[in-house]
Amino acid sequence: MKNKSLMVVSIAFLFCLTSSVALTMAQCPRCDGTGELVCPYCDGEGEITVQEGAPCERCEGSGTLEPVVIQKSRSAWLNDGKISVQISYENRESINTYGRVTAAVEVKDNTYASTSPRTLFPANEVIQVSLTIDGVSSEDYNTLQAQQVFSTNITLEAENVPCPYCSGTGLTPATIECPQCDGTGFIECPECNGLGVEGGERNADLDIGGTTYGVVAVAVVAGVVTAAYVFVKKKGLKEEDLRKMPAGEFQNWVLKRLAGKSSSPSDSRVGIDGYALDGQPVSIKQETDVGRNAIENFAAAIGRRNARKGTIIAFGFGADAIRGRVRAKMSYGFDIQMITVKELIENRNSLI
Ligand SMILES: [Zn+2]
Ligand SMILES: [Zn+2]
Ligand SMILES: [Zn+2]
């Protein structure tokens, strides 16, 4: 009786341990199991600033700007048969520009004009432009003299300058939705393919080298209880009887319990003693202290038969057996179920 309850406690302990170990190890360390990372492209902002993302508002995308050159003052006077004109300009841009100034005077039906050579208007400076209008007929000159006051038409044709706001590119920075995360600020964790579980789906290629880790934590524990075993009601053998049984007979008893079938000699050589009802390999150990090595050897056998799951039956398992099981899951993605003979006996009615 004492042994029995001890066994139950240890089995319960075994399962608890299994589940906690599996869950802790399975969580993807990169994303802490969330399956997503803060988007590195936008630092989680969901939007990024593109240097040349929009047309410059100042130059409407042209890249050039008509400079702001202000006429500050002007004066015109008659001078020895000619008209002298002087204009001061202030270039309010922070960039030099060039331009030509034209001054024109109308007298009756005639227009007299003069245009300056290409003139520099230095950035943020006031300059004087002087013009002399000649060729005025003596009649018109006399008319102007008689008027004393006349109007002068002055125009400045300034050359466009590279837009200082966009450095002449016509484009300015713009904030757009981050294309990497579609504005969510998060990306799928590449380590676990968004599953939140170490290794994600990458174990699908069964890298025996151990570089991939395949653990879907959910399955590990759940599988123990929900296994599709059909237990056959048959003679009330006790654990003690089974321990003493010849090896072959013991194997047959187990396979009957699992409604399985025996394996071929070549299967036996790699450590597969039979197949369960669902076709998964079964390893049968008539031992009380099955450890990590046995589990790992069985995992290798499962791999050779291209199976994904397997069941190992024994009277008991050593503490390190769980590590072997977790490693099989982590490294190869195999689900190995550990079932004790005691469970086979006791559950004969419950899982039919
Ligand atoms: Zn611009
Ligand atoms: Zn982003
Ligand atoms: Zn992850």
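**Zinc site and three-stranded sheet**

At 1% relative accessibility, cysteine 28 counts as buried in this predicted model. Cysteine 192 is likewise classed as buried, its relative accessible area being 0%. Both residues belong to the coordination sphere of the zinc ion (ligand 3), whose donors are the SG atoms of Cys28, Cys31, Cys189 and Cys192, at 2.2 to 2.3 Å. The angles among the 4 donor atoms run from 104 to 115°, and the site is tetrahedral. Ideal angles for four tetrahedral donors at a metal are 109.5 degrees. Along the sequence, the donor residues of the zinc ion (ligand 3) follow the spacing C-x2-C-x157-C-x2-C. Cysteine 28 is located in the loop between helix 1 (2–26) and strand 1 (36–38), and cysteine 192 in the loop between strand 13 (186–188) and helix 3 (217–226); the pair therefore ties together parts that are 164 residues apart in sequence.

A further element of the model is an open sheet of 3 strands, arranged in the order 4-5-9 with antiparallel pairing. Strand 4 (69–79) and strand 9 (126–133) each have a single partner strand and stand at the edges, so one side of each is left without a neighbour in the sheet. On average, and with direction ignored, neighbouring strands of this sheet are turned by 15° against each other. The antiparallel pairing of strand 4 with strand 5 (residues 82–91) extends over 10 bridges. Valine 69 has asparagine 91, in strand 5, as its bridge partner. Helix 2 (residues 138–147) lies across strand 4 and strand 5 and runs at about 105° to strand 4.

How values were computed: Residues numbered from 1 in each chain as written. Chains lettered and ligands numbered in written order. Predicted model: local features only at pLDDT ≥ 70, side-chain atom pairs only at ≥ 80, totals over all residues. Heavy atoms only, no water. Donors = N, O, S within 2.8 Å, 3.2 Å for Na, K, Ca; no water. Tetrahedral: all angles 85-135°; square planar, octahedral: opposite > 155°, others 65-115°. Helix = DSSP H or I, 4+ residues; strand = E, 2+ residues; numbered from the N terminus. Buried < 20%, exposed > 50% of the residue type's maximum accessible area, 1.4 Å probe, protein only. Pairing = 2+ DSSP bridges. Axes fitted to C-alpha atoms, helices over the stretch in contact; angles between N-to-C directions. Contact = heavy atoms within 4.5 Å.
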